[in-house]
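The following exercises are to be worked through with the sequence and the structure at hand. Each task is followed by a solution in steps.

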Amino acid sequence: MSKYETKSIRNLAVIGHGGTGKTSLCESFLHLSGKTDRPGRVDDGTSSMDYEPEEQKRHISISAATSNIDWDKHRINIIDTPGDSNFTFDTKSCLRIVDGTVVLVDAVAGVEFQTEKVWEYADEFHLPRLLFVSRMDRERADFEKAVASIRDRLGRKVTLFSLPIGAENGFSGVVDLTSMKAFAFDEQKRTEKIIDIPADMAEIVQKYRDILVEDIAETDDELMNKYLENSELSPEELQTGLRKGIVSAALIPVLCGSALKNLGIHPLLNTIVRYFPSPEDIGAVTGTKPGTDEVETRLPDESAPFSALVFKTIADPFAGRLTLFRVYSGTLKAEQGLYNASRKLNERIGTLFFLEGKVQKPVEMLIPGDIAAIAKLKETATGDTLSSEKAPIVYPKCEVPPAIISFAVEAKTRGDEDKLVTSINRLIDEDPTIVFHRDDQTREMILSGLGQIHIEVTVEKMKRKFGLEVNLKTPKVPYKETIKGKTTVQGRYKKQSGGRGQFGDTWLDIEPLPRGGGFEFVDKIVGGVIPQQYRPAVEKGIVEAMAEGVLAGYPVVDLRVSLTDGSYHTVDSSEMAFKIAGSLGFKKGVLECQPTLLEPIVNIMIEIPDEYMGDVIGDLNSRRGKVLGMDSVGHHQIIKGQVPLAEILKYAPDLRSMTSGRGTFTFEHSHYEEVPAYIAEKIIAESKKDGA
Ligand SMILES: Nc1nc2c(ncn2[C@@H]2O[C@H](COP(=O)(O)OP(=O)(O)O)[C@@H](O)[C@H]2O)c(=O)[nH]1
Ligand SMILES: [Mg+2]
C-alpha cells in the first residue's frame with residue numbers, strides 16, 4: 001500500500017517471555033503479508049528482526065526492532081520486543097508508544113514470569129491486547145492447559161477467539177470463532193487457506209462460540225438486553241461489541257497458532273485490523289507545555305501541530321545515530337526542520353525513513369500514527385518529544401529502571417581510556433539503562449546495568465561497534481575506616497639541617513563521632529601557643545592523613561580532632577612544619593583509638609513469588625542481611641531489608657538462578673556500618689598483600 005490514512009494504521013508490539021516465538025511470529029507476519037519472499041528464521045540467524053550479531057549469537061532478541069506490513073487494506077506497524085528481563089526497558093519504551101499488543105504464551109510452558117512482567121506493563125499503559133498461545137506444533141503443546149495458566153496467573157477475564165485443530169505434530173489449523181471459519185496451510189500457495197470446520201469439532205466450536213457471543217454482549221448494556229431477548233446478536237452488533245470490548249481491554253481475546261508453520265496468523269492479523277484501535281480511535285493524547293505543568297493535548301490529525309515521541313535510539317558506527325519515534329499529531333517532511341521540545345533546540349534533519357529490520361525505506365511525509373526514523377540527530381535522546389516549535393508539547397516518558405549490577409571496566413590496551421569513555425557514552429545513547437561513572441574513592445571506572453547478560457552484551461557491542469576490548473572485574477567495595485576509642489596525642493615535627501630548621505608541635509584530642517558524622521576539627525588553642533596562621537595547616541595535615549587510613553588505606557571518617565595545645569619556634573616554624581606535625585599526630589593517635597573498618601550497607605527490596613520465600617530469606621541471612629519487613633501482593637512477596645554491599649555484588653545472577661528468573665530486586669545506598677572482626681581481618685590482609 002503506497003498511501004494509507006491514519007485511521008487504517010495499527011501500531012502493535014509483540015511481547016512475552018523469552019523464547020515464546022515473538023520474533024518468529026513477526027517473521028511469519030512479514031512472510032504471509034508478502035513483505036518477504038521466504039520467512040526469516042531465528043535459528044539460522046536469517047531473521048530480519050533479530051539482525052544484530054549479539055542477538056544472532058544468542059538466538060535471543062536484545063533490542064526492539066520495527067517493521068510494517070500491509071494487511072487487508074491496513075497498515076500494521078510491528079515492533080518485536082526482547083523478552084529477557086535484562087532488556088525490558090526497551091520493551092516498556094515500545095509499549096509506551098503503541099496502540100495495542102500481542103502477548104505470546106508458549107503452548108507448552110504456559111504463562112511464565114516474564115509474561116507476568118510484560119502484562120503489568122500493558123496494564124500500566126492501558127493497552128488493548130490479545131493473547132496468542134504460540135508454538136502449538138511442539139511436543140506436549142496443550143492449549144487448554146495454557147489457557148488455564150492464563151486464567152490462573154494473569155488475573156483477567158479472557159475469551160477464546162480461536163480453537164486449535166489438533167496439537168503437537170498433528171496441529172493442522174485453527175477455527176476462528178469470530179468468523180466461524182477454519183484455516184489450514186496451503187502448501188502450494190504457501191499461505192493459509194479457508195477450510196471447513198472439522199465435523200468432529202462442531203459441538204465444541206458451538207460451545208465456545210456461544211461463550212464468545214455472551215462475553216461480547218457483556219461489554220455493553222444495550223447489547224446485553226438484545227442478547228437476552230433473542231439469544232443471538234447480528235453480525236453488526238457483534239462487530240460493534242468486539243471493537244468496543246477490545247479497545248477498552250474489557251474483552252481480551254485468546255488465539256492460538258504456530259509461527260513456524262504459519263498457522264493461526266490470518267485470524268490474528270484479521271483481529272488486529274478489524275477490532276484493534278487505530279490512532280484515530282485512541283483520540284487525543286496528553287502532554288504538557290515544556291517546562292510547565294500546564295496540560296496540552298493533541299489530536300491525531302494531519303492539520304494539528306506536529307508532535308512525536310522518541311522511543312528508541314540506535315548507535316550505528318557507520319550511519320551514526322538513528323532516532324526512532326512515533327508521530328502523534330500533524331505531519332513531518334524533511335524540509336520542515338525539526339524542533340526538540342524536551343531540550344528546546346532545533347535539529348538538522350536529513351532523510352525520513354521507515355526502519356524495516358535494519359533496512360531503511362525512505363519516506364516523503366509522515367502522518368499521525370506513523371512509526372519512523374531519522375539519522376544523525378545530534379542532541380535528541382530516547383524519551384524526548386519532537387514537536388512544532390510554534391506549538392511545543394512534551395509527552396511523559398518511561399522511567400529508566402535503576403541498575404542492579406556493577407563491574408569495574410578497564411581498556412585491554414593501555415591508552416584506550418578516552419576511547420572507553422566515548423564508546424560507553426555512545427552506547428548509553430541507545431541504551432539509557434547503562435550507567436557509567438568513575439568512583440571517587442576507588443578510582444575505578446564503573447559500568448552498571450540491569451543484569452549480567454546486559455553488561456556482557458554491552459561489552460560485546462563495544463568491541464563490534466567501536467573496536468574496543470575491555471576487561472571486567474568485580475568492583476572494589478568503598479570501605480572506610482573509623483575509630484571507636486579516644487586519645488590525647490602529641491604530634492611533633494622537628495628537623496635540623498644546617499640552615500633553617502623545621503618545627504611544629506601540636507597536642508590533639510581525637511574522639512569518635514556518631515555514624516555519618518564525617519569530620520570535625522575544633523581549634524581550642526588559647527592565647528598564642530600556636531599562632532593563628534599555622535592552625536589551619538594542622539587541620540590540612542590531618543585531612544590529608546585521613547585520606548588513607550592506618551588499617552587498610554581506606555578513608556577515615558566519623559571523628560573529631562581538637563587542637564588543644566602545642567608550641568612553636570619563631571624562626572623554624574612554618575605552615576609546612578605544622579601540617580606535618582598534625583599529620584604525624586593523627587596517624588599515631590588513631591592507632592590508639594581502636595581503629596576499625598566500615599562497610600557500605602544498602603537498602604534492598606526483593607520481589608519474588610511466594611514459593612521462593614524460604615530460599616531467598618535463607619540466602620539473605622547467609623549474606624549477613626537483615627529482613628526489615630515483608631508485604632504480600634497477590635502471589636508475590638516483597639521483602640525489604642538491609643545487606644552489606646560486599647555481599648550483593650553478584651546478586652543479580654544469583655537471584656535469577658535461585659528463583660528461575662522470577663525474582664527482581666532494587667537497592668540503594670543506606671549507610672556505613674562496622675565490619676565484623678573476622679571479615680575485617682581478611683580485608684586488611686588483602687590490602688597488605690595488594691600494597692606489597
Ligand atoms: N515448533 C515451533 N517452534 C517455534 C515456533 N515459533 C518459534 N519457535 C522456535 O522457538 C525458538 C524461539 O523463537 P523466537 O522467535 O526467537 O522467540 P522469542 O524469544 O519470543 O522472539 C526458536 O528456536 C524458534 O525456532 C513455532 O511456532 N513452533
Ligand atoms: Mg525475539
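**Exercise 1. Determine whether E592 is buried, partly exposed or exposed, and describe its surroundings.**

Solution. The model is a predicted one, and the solution starts from accessibility.
- Step 1: The relative accessibility of E592 is 43%. Buried residues fall under 20% and exposed ones over 50%, so E592 counts as partly exposed.
- Step 2: E592 is located in the loop between α14 and β33 (595-609).
- Step 3: When neighbours within four places in sequence are set aside, the contacts of E592 are T487, T488 and V489.
- Step 4: A further distance concerns I510: its C-alpha is 9.5 Å from that of E592, although 82 residues separate the two in sequence.

**Exercise 2. Classify the ring pair of Y534 and F578, and state which parts of the chain it ties together.**

Solution.
- Step 1: The whole structure contains five aromatic pairs. In one of them, the ring centres of Y534 and F578 are 5.1 Å apart and the planes meet at 15°.
- Step 2: Planes under 30 degrees apart count as stacked, so the pair of Y534 and F578 is stacked.
- Step 3: Y534 belongs to the loop between β31 (519-523) and α13 (535-546), whereas F578 belongs to helix α14 (residues 575-591); the pair therefore ties together parts that are 44 residues apart in sequence.
- Step 4: Y534 has a relative accessible area of 10% and is buried. F578 is also buried, with a relative accessibility of 0%.

**Exercise 3. Classify the ring pair of F665 and F667, and identify the cluster that contains these residues.**

Solution.
- Step 1: The ring centres of F665 and F667 are separated by 6.1 Å, with the planes at 10°, so this pair is stacked.
- Step 2: Ring pairs join F665 and F667 with Y651 in a cluster.
- Step 3: F665, at a relative accessible area of 7%, is buried, whereas F667, at 25%, is partly exposed.

**Exercise 4. Identify the rings over which R75 and R129 lie.**

Solution.
- Step 1: R75 is positioned over the face of F354, and its distance from the ring centre is 4.3 Å.
- Step 2: For R129, the charged end sits over the ring of W119, at 4.5 Å from the centre of that ring.

**Exercise 5. Name the protein donors of the magnesium ion (ligand 2) and place them in the chain.**

Solution.
- Step 1: The protein donors are OG1 of T23 and OG of S61, at 1.9 to 2.0 Å from the ion.
- Step 2: T23 is in helix α1 (residues 22-32), and S61 is in the loop between α2 (53-58) and β2 (65-71); the pair thus links distant parts of the chain, 38 residues apart.
- Step 3: Both donors are buried: T23 has a relative accessible area of 6%, and S61 has one of 9%.

**Exercise 6. Describe how helices α11 and α12 pack against each other.**

Solution.
- Step 1: The axes of helix α11 (residues 417-430) and helix α12 (residues 452-466) are 10 Å apart and form an angle of about 110°.
- Step 2: Angles of 65 to 115 degrees count as roughly perpendicular, and α11 and α12 are therefore roughly perpendicular to each other.
- Step 3: On the α11 side, the residues that meet α12 are K419, L420, S423, I424, R426, L427 and E430.
- Step 4: Their partners in α12 are T458, K461, M462, K465 and F466.

**Exercise 7. Explain why helix α9 is regarded as largely enclosed.**

Solution.
- Step 1: Helix α9 spans residues 265-275, and 10 of its 11 residues are buried, so the rest of the structure largely encloses it.
- Step 2: Among the buried residues of α9 are I265, H266, P267, L268 and L269.

**Exercise 8. Describe the environment of T385.**

Solution.
- Step 1: T385 is part of strand β23 (residues 385-387).
- Step 2: Its relative accessible area is 0%, so T385 is buried.
- Step 3: Residues up to four places away in sequence are not counted; T385 then touches A308, L309, Y339, N340, A341, S342, I393, V394 and Y395.

**Exercise 9. State the sign of phi at K73 and R624, and compare their settings.**

Solution.
- Step 1: K73 is not a glycine, yet its phi is positive, at about 65°. R624, likewise not a glycine, has a positive phi of about 65°.
- Step 2: K73 is found in the loop between β2 and β3 (74-80), and R624 in the loop between α15 (613-622) and β34 (626-633).
- Step 3: K73 counts as exposed at 69% relative accessibility, whereas R624 counts as partly exposed at 22%.

Key:
Residues are numbered from 1 along each chain as its sequence is written. Chains are lettered from A and ligands numbered from 1 in the order in which they are written. This is a predicted model: local features need pLDDT of at least 70, side-chain atom pairs count only at pLDDT 80 or more; totals for chains, interfaces and linings use all residues. Side-chain values use heavy atoms; hydrogens and water are left out. Rings of Phe, Tyr and Trp (its six-membered ring) pair if their centres lie within 6.5 Å; planes under 30 degrees apart count as stacked, over 60 as edge-to-face and the rest as tilted. Helices (H or I, at least four residues) and strands (E, at least two) are DSSP runs, numbered from the N terminus. Buried means under 20% relative accessible area, exposed over 50%, partly exposed in between (1.4 Å probe, protein chains only). A charge sits over a ring if NZ of Lys or CZ of Arg is within 6 Å of the ring centre and within 35 degrees of the ring normal. Donors are N, O and S atoms within 2.8 Å of the metal (3.2 Å for Na, K and Ca); water is not among the atoms, so sites may look incomplete. Axes are lines fitted to C-alpha atoms, for helices over the stretch in contact, and angles run from 0 to 180 degrees between N-to-C directions. Angles under 35 degrees count as roughly parallel, over 145 as roughly antiparallel, 65 to 115 as roughly perpendicular and the rest as oblique. Contact means heavy atoms within 4.5 Å.
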